[in-house]
Amino acid sequence: ALKYAHSINVVHRDLKAANILLVDVTREPKIADFGLAKLTSNTQGEDFTLGTPAYMAPEQSETTDDADIRCDIYSLGSIFYYILSGKRPYFDIQDPFFLLKMKKKQDPEKIEKLVPEISPFVKRIIKKSMARDPKKRYQTPSAFLEEIENALQYIQKKGTKQRKLNKPSEQLKEKARHKPITYMPNTSFKARVSCLFMTATR
């Protein structure tokens, strides 16, 4: 959805967990609430802050003129942070004005401190997407998506490799080095997503 929005020069500016809906039957995610969206070709800025402080990029609190697709990428990284850890970024700061101020000065609590078993692959994705400097983030939704797809392909490859292990000795050796990827149909969506990403490089 962000890739398409970028192709028509639209910036959402208020991406957050509450604005991502799941279709009942297919469980396909859909982005909702484009009430604060703008065309990047529109150079007329607003003199007030737009967005949700917990998820918005640091530069959004300064001027809306600089709000481009990289703001949405930051917000998407914040959503991933929340899905995997169960806590929003800067969860220990309640005052929205102080939160916006701190976003310009320091990074949030490291995801690996909240989720020690998270893989380096996923940690890198979150860190890059939530970089305070827009130039250090993924520059397009396509680049972000490519990184996610690489992670999923790695997981699938690992799963296929493990299923091919038939000898008990080989299974024991592999088990010592890697945790198996297990499908959990009776667990929550959050738990399944967490398992999926945490095993990306294990």
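Q: Helices here are DSSP runs (H or I) of at least four residues, numbered from the N terminus. With that in hand, which element gives the most to the lining of the second largest pocket?

A: This is a predicted model, and in it α5 gives the most to that lining, with four residues. Helix α5 covers residues 120-129, a run that meets the minimum of at least four residues. The elements giving two or more residues to the lining of the second largest pocket are α5 and α4 (111-114).

Q: What makes Lys-110 a lining residue, and which residues lie nearest the centre of the second largest pocket?

A: A lining residue needs an atom within 4 Å of a pocket point. Lys-110 is one of the 16 residues that line this pocket, and it's among those nearest the centre, along with Asp-107, Pro-108, Ile-126 and Lys-127. The pocket's volume is about 360 Å³.

Q: How many residues of each class does that lining have?

A: There are 10 charged, six nonpolar and no polar residues. Take the ones nearest the centre, which include Asp-107 and Pro-108: Asp counts as charged and Pro as nonpolar.

Q: Now for the rings. Why are Phe-80 and Phe-144 called an edge-to-face pair?

A: Two checks. Ring centres must lie within 6.5 Å to pair, and these are 5.8 Å apart. Planes over 60 degrees apart count as edge-to-face, and these sit at 70°, so the label fits.

Q: Which parts of the chain does this pair link?

A: Distant ones! Phe-80 is in helix α2 (residues 69-85) and Phe-144 is in helix α6 (residues 141-163), 64 residues apart.

Q: How do you know which kind of pair Tyr-138 and Phe-144 form?

A: Run the checks again. Their centres are 5.2 Å apart and their planes are at 90°. The cut-offs are within 6.5 Å for pairing and over 60 degrees for edge-to-face, so Tyr-138 and Phe-144 are an edge-to-face pair too. Searching the whole structure turns up two aromatic pairs, and Phe-80, Tyr-138 and Phe-144 form one aromatic cluster.

Q: Are these three rings buried or exposed?

A: Buried means under 20% relative accessible area. Phe-80 has 18%, so it makes the cut. Phe-144 is at 5% and counts as buried, and Tyr-138, at 3%, is buried as well.

Q: How much of the protein chain counts as buried?

A: Of its 202 residues, 39% do.

Key:
Residues numbered from 1 in each chain as written. Predicted model: local features only at pLDDT ≥ 70, side-chain atom pairs only at ≥ 80, totals over all residues. Heavy atoms only, no water. Buried < 20%, exposed > 50% of the residue type's maximum accessible area, 1.4 Å probe, protein only. 1 Å grid on protein atoms, 1.4 Å probe; cavity = no way out; pocket = protein on both sides within 12 Å on 5 of 7 lines; lining within 4 Å. Points joined across faces, edges and corners; volume = space filled by probe spheres on them. Phe/Tyr/Trp six-rings, centres within 6.5 Å; stacked < 30°, edge-to-face > 60°.
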